There are 2 protein chains.
Amino acid sequence: MSTTKQKIFNTAVDLFSRKGFSGVSVREITRNVGIKESSLYNHYKNKDDILTKIFDYFQTQMQKATPTKQYLQEKIKTIPPEQFWETGLVNFQKATQTPQIQKISKIVLLEMFQNQRARDIALEEFFTRQQKLAVMIFEIMQESNLIGKDNDPKVLALEYTYGMLGLQFEYNILSNWNLPTKTIQEKMLSHIKFISEIAKNSIGGEN
Amino acid sequence: MSTTKQKIFNTAVDLFSRKGFSGVSVREITRNVGIKESSLYNHYKNKDDILTKIFDYFQTQMQKATPTKQYLQEKIKTIPPEQFWETGLVNFQKATQTPQIQKISKIVLLEMFQNQRARDIALEEFFTRQQKLAVMIFEIMQESNLIGKDNDPKVLALEYTYGMLGLQFEYNILSNWNLPTKTIQEKMLSHIKFISEIAKNSIGGEN
DNA sequence: GTCTATACGAGGATAGAC
DNA sequence: GTCTATCCTCGTATAGAC
């Protein structure tokens, strides 16, 4: 059971993600929904308002998908670090790659250079949040003696996160065009293995 | 001395990079150039044609900026690995961050999900090319006994490249909005140091 | 809450005079 | 190579009937 308002929302998400905000007209949205242009304005103030609501939804969902410190502390002790990262990756992809969220991520990426809200979301959700999360995880792992203590958690987090971001980025492009992503998935696992190895065998810290 | 055709080109690059292809009208381009709409069609077949020419130019420039294997082989021997990467980063940024190239990079990123040509350029120039280059460099370093031989050059290249791509990505967003990029620059150096350390002190390879 | 009707500026593009 | 004039469609948005 989906209301007209929801239909507009979903249709807009789909179209914006495929053609960009300015590439989609109100006419096109309403044509796809099956209502007249004028009816749309009963649900949303204007075209911009739809985008705002989409971004609101995205932020809510991303926050929901972020694990708490407590959850992490408990979870980390149950499995080896490398496996923890693999599971985390799978969970992240599961939460983050529902069609809806993937589409909105794309909208964020598309509008990031023009729309301030999109920029803030990109910086916060894709960079800062991931970074903080990874720092926290490496700290917990060190405290629990699961990995060596010679490496700065911040450095490890930087390496883990940005590498993963580069990979995610390529993954997004490929999956957007239905190109095979197997190689990237393998590279992600290779990346996790690499960082886990280093975290385990301390290789000497700052001079 | 700049012809009308060049003015159109430069204006289009500037506007497309700021508003996206579909966010810019032919009227807006010609208004900025100082000619009538109809005059534009004496120089370019249509709006799409301008974008195509912009992409052509970009690929030519990126190819020019790619060092040859011979150049690398000679250069690598003259300085320590970490310094080599730092120099390489500076050179890359110098070549790649002229206002024009930076703008076109942004256009590529903006259109990547909608325009097949932009997608191909992104994959080729941002991922494949960088990756191949890094593999080549690590191989030369190993052959020249400048780094340990226990790590697979491909793995090192993967780690170096994707980490750098994530960082470049954040750098692009920040610099686009005139936000401070000092932190990212530091992170880039930290990344180089990290990878160089690992390449130097072999930490044990595949099992 | 949806429709018809309507407004009007902006969109890409062409024909033909100069 | 540039201009004026013109085409017709698409763009967002509103007023008011049902």
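Start with helix H2 of chain A, residues 26–33. Helices here are DSSP runs of H or I with at least four residues, strands are runs of E with at least two, and both are numbered from the N terminus. Select Val26(A), Glu28(A), Ile29(A), Thr30(A) and Val33(A): these residues of H2(A) are buried, meaning under 20% relative accessible area, where exposed is over 50% and partly exposed is in between (1.4 Å probe, protein chains only). The cover over them includes helix H1 (4–19), H3 and helix H4 (47–64) of chain A. After H2(A) comes Gly34(A), with a positive phi near 95°.

This is a predicted model, in which local features need pLDDT of at least 70, side-chain atom pairs count only at pLDDT 80 or more, and totals for chains, interfaces and linings use all residues. Residues are numbered from 1 along each chain as its sequence is written, chains are lettered from A and ligands numbered from 1 in the order in which they are written, and side-chain values use heavy atoms, with hydrogens and water left out.

Next, select DNA strand D. Which residues are the closest to DNA strand D? They are Ser25(A), Val26(A), Arg27(A), Asn42(B) and His43(B), out of 16 that surround the strand. A residue is near a strand if one of its heavy atoms lies within 4 Å of it. Of the atoms of DNA strand D within 4 Å of the protein, 55% are sugar or phosphate and the rest are in bases.

Now look at single polar contacts (pairs of N or O atoms within 3.5 Å; within protein, one must be able to donate a hydrogen and the other to accept it, and residues adjacent in sequence count only if both atoms are side-chain atoms). A polar backbone atom of Val26(A) is 2.5 Å from a phosphate oxygen of DNA strand D. The side chain of Lys47(A) has a polar atom 3.2 Å from a phosphate oxygen of this strand. On chain B, a polar side-chain atom of Ser38(B) is 2.8 Å from a base oxygen of DNA strand D.

Move to DNA strand C. It is surrounded by 16 residues, and the closest are Thr4(A), Asn42(A), His43(A), Val26(B) and Arg27(B). Sugar and phosphate make up 54% of the atoms of DNA strand C within 4 Å of the protein. Select Thr4(A): a polar atom of its side chain is 2.6 Å from a phosphate oxygen of DNA strand C. For Ser25(B), the distance from a side-chain N or O atom to a phosphate oxygen of DNA strand C is 3.1 Å. For Lys47(B), the corresponding distance is 3.2 Å.

Leave the DNA and select helix H9 (residues 153–176) and helix H10 (residues 182–200) of chain B, which pack at about 175° with axes 10 Å apart. Axes are lines fitted to C-alpha atoms, for helices over the stretch in contact, and angles run from 0 to 180 degrees between N-to-C directions. H9(B) is therefore roughly antiparallel to H10(B), a label for angles over 145 degrees. Among the residues making the contact (heavy atoms within 4.5 Å) are Leu156(B) and Tyr160(B) of H9(B) and Ile195(B) and Ile198(B) of H10(B).

Finish at Phe127(B), in helix H8 (residues 116–143) of chain B. Is Phe127(B) buried or exposed? Phe127(B) counts as buried because its relative accessibility is 2%. Residues that Phe127(B) touches include Phe169(A), Ile173(A) and Tyr162(B). Phe127(B) and Tyr162(B) are 35 residues apart in sequence, with 8.1 Å between their C-alpha atoms.

Note on methods: Parallel < 35°, antiparallel > 145°, perpendicular 65-115°, else oblique. Lists of a residue's contacts leave out its neighbours within four places in sequence.
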